[in-house]
Every structure is written in structure tokens, then in C-alpha cells.
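Reader: I have a friendly challenge for you. Could you show me how the labels on a model like this are earned?

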Amino acid sequence: MKRFKKISEVMLASPIYTFSVVFLTLLIVLSLVAPLIPIDPNATDVSNMSQPPSWAHLFGTDEVGRDYFIRVVYGGRVSLFVGVLAMITATFIGTLVGLVSGYFGGWIDNLLMRLVDVLSSIPWLVLVIVLSVFLRPGLTTIIIVIGGFSWMNIARLIRGETLAAKEREYVAYGKFIGRSSFSIIVKHVFPAVLPTLIVAASASISGAIMTESALSFLGLGIQQPMASWGSLLQNAQNSLQRAPYMAILPGLFVIFTIYSFNNIGDMIKHVLQREV
């Protein structure tokens, strides 16, 4: 309850934080209720192709007459879904590697950190192109690619926090009384690194959404007829002159979503700093 009160105080003290929370709340709610909206995102209407925004079609229609509002909403569902699942995957792998590397040290630390260095040195676009040869482009593939190869920064952060946490008195006492390493990591080290992990996870979502948008824009991510903001931007390239809204609207949603998630991470950081 006290933590919720502190979050409310920090949020209300800054219009930027308030905007970010309200925007993401509306976006998430809209994405959840999208199936209840009686508009088919894939229904074509050749008599209403490339129509500008109007009361009948709030965001206009695309080049084959599909309602662009519902396409953007469903695109947001996919982008958020990819962002959250990729964040969970990257956070789990990064946390596991960071805890093991930082706590045990020695050759285990050297091995894992060299693995992190190698993966970090590979350009993600090259990695995706190589993987696309073996994996069919689509929702599952893009989650695997983003989540499985974006955990390295989280691993470095958690390793640093673990190195500091394992030097504390209660960890030394746990070792002295014979507690297992697993018990010490779960009960003492992990809670100490959790604040940093929460901030890193919130930033990871925005990074995953940006990566998904970039990959889908390049044709390596979400495939038709499924829509994401990146695939909508790719599809809008051929209609920039006659229907610029097709690029502007999903582009704005990408910008505001990433901006809001980054602000949420900053807000959580400020709340945690107040508790220190």
C-alpha cells in the first residue's frame, strides 16, 4: 500500500509520467477488448480503398479498403504481445546468467561473460537473417529471436548487482551456517537485485517493440495478413503520397509506446530511490 502511494505521488508530480501511465493503460485496454469490436481487421472493401480518416473509419482505410483503426489496434496487440513475451524471455535468461556468473565467479564467470561478449558483438540484423534461413518468419520466430538474443545487457547489470550483494553480511552468514548456494541466491541475492531487474525489464519491453517494428518493416517479422505496427509501416511505403496517414498513425503509436515504457522505467527508478 505504501509503495502504491509512492508510485502515485511520483506519477502525479510529473505530467510526463501521468501521460505515459494513461497512454499505456488505454493502449492495453484497447488491445484487450479489440476482439469485442465488431470490425474484421482483414475484411476488404474495394469501394472504400485508401479513404482518409472519417467518422465511418476513424483512421481511414488502407489500399484494399480494410478499416485502418482496427488494423492499428490489432497491430498494437501483436507488438505488445511480442514486447512482453520477449521481455520475459530476455529477463529470465539474463537474470539466470547474471546471478550464476556474479555469485560463483571464477571460470564460470569468465565463460559466461565471454559468451555475452561474443553475442553482443554480432549485429542483430545479421543474426536475424541467418536465423530466418532456418526458421519461418512469423510471431513465434520473432519472439525467439528478440528474447533469445537481447538478454546480454540484463546479464551484465544483474552480474554487477550480484557481485555487490554477495559481499553483504547476511550472505556471508548464510554461507557460514551451511546454506546451499541455491537457497542463498533465491532468498538473499535475488531480492537485492530485484529493483534493478524491474527497471531493466521495463526498458527491455520498449527495446523489443522497437526491434519487432524494425524487423517487420524489413519483412523479416510479422507476415500478412497478421498486422503489427512494423508491418503496417512497411505496407504504407507504397501509399505515402496518396495516404500519408497510413505511415503517420502506426509510427506515432510506436514512438509514444516506446517513450511511455521508458518513462515508466524512470518512474519506477525514482520510486525505488525514495525507498533507499
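Author: With pleasure, and helices come first: a helix is a DSSP run of H or I with at least four residues, a strand is a run of E with at least two, and both are numbered from the N terminus. The model is predicted, so local features need pLDDT of at least 70 and side-chain atom pairs count only at pLDDT 80 or more, while totals for chains, interfaces and linings use all residues. Residues are numbered from 1 along each chain as its sequence is written, and side-chain values use heavy atoms, with hydrogens and water left out.

Reader: What makes up the secondary structure of the chain?

Author: There are 11 helices and 0 strands. Reading from the N terminus, the order is α-α-α-α-α-α-α-α-α-α-α. The C-alpha trace spans about 75 × 50 × 30 Å along its principal axes.

Reader: Alanine 192 caught my eye. Where is it found, and why does it count as buried?

Author: Alanine 192 is found in helix H9. Buried means under 20% relative accessible area, exposed means over 50%, and partly exposed is in between (1.4 Å probe, protein chains only). Alanine 192 has 19% relative accessibility, so it counts as buried. Contact means heavy atoms within 4.5 Å, and alanine 192 touches Ala165, Arg168 and Tyr170 when residues up to four places away in sequence are left out.

Reader: And isoleucine 198, what makes it partly exposed?

Author: Isoleucine 198 is also a residue of helix H9. Its relative accessible area is 35%, so it is partly exposed. Isoleucine 198 and lysine 269 are 71 residues apart in sequence, while their C-alpha atoms are 8.7 Å apart in space. For the chain of 276 residues, 45% count as buried.

Reader: What makes a group of residues a nonpolar core?

Author: A nonpolar core is a set of buried Ala, Val, Leu, Ile, Met, Phe, Trp, Tyr and Cys residues joined through side-chain atoms within 4.5 Å. The largest one has 32 residues, of which Phe59, Tyr68, Val72, Trp229 and Phe253 touch the most other members. Two or more residues each come from helix H2 (15-33), helix H3 (68-104), helix H9 (181-217), helix H10 (229-235) and helix H11 (245-275). H11 gives the largest share, 10 residues. Apart from this core lies another, of 22 residues, including Ala90, Leu99, Met152 and Val193. In soluble globular proteins, nonpolar side chains tend to be buried together.

Reader: Which residues does valine 72 touch?

Author: Valine 72 touches Phe59, Trp229, Leu232 and Phe253, not counting residues up to four places away in sequence.

Reader: How do you know that arginine 159 and aspartate 109 form a salt bridge?

Author: A salt bridge is a side-chain nitrogen of Lys or Arg within 4 Å of a carboxyl oxygen of Asp or Glu. The closest N and O atoms of arginine 159 and aspartate 109 are 2.7 Å apart, so the pair meets that cut-off. This pair links distant parts of the chain, with arginine 159 in helix H7 (residues 152-165) and aspartate 109 in helix H4 (residues 106-121), 50 residues apart. Arginine 159 is partly exposed, because its relative accessible area is 23%. Aspartate 109 counts as buried, because its relative accessibility is 10%.

Reader: What about aspartate 117 and arginine 114?

Author: They form a salt bridge too, with the closest N and O atoms 3.0 Å apart. Both lie in helix H4, 3 residues apart, which is about one turn of the helix. Aspartate 117 is partly exposed at 33%, and arginine 114 is partly exposed at 45%. Elsewhere, salt bridges that share partners join Asp62, Glu63 and Arg66 into one network. The count by this rule comes to 5 salt bridges.

Reader: Why does arginine 71 have no salt bridge?

Author: The nearest side chain of opposite charge, aspartate 62, is 4.3 Å away, and the rule asks for a distance within 4 Å, so no salt bridge is called. Arginine 71 is found in helix H3 and is buried. Beyond its neighbours within four places in sequence, it is in contact with Pro41, Asn42, Asp62, Arg66, Gln224, Pro225, Ala227 and Leu232. Arginine 66, in turn, forms a salt bridge with aspartate 62, with the closest N and O atoms 2.7 Å apart. Arginine 66 and aspartate 62 are both buried.

Methods:
Lys and Arg count as positive and Asp and Glu as negative; His and the chain ends are not counted.
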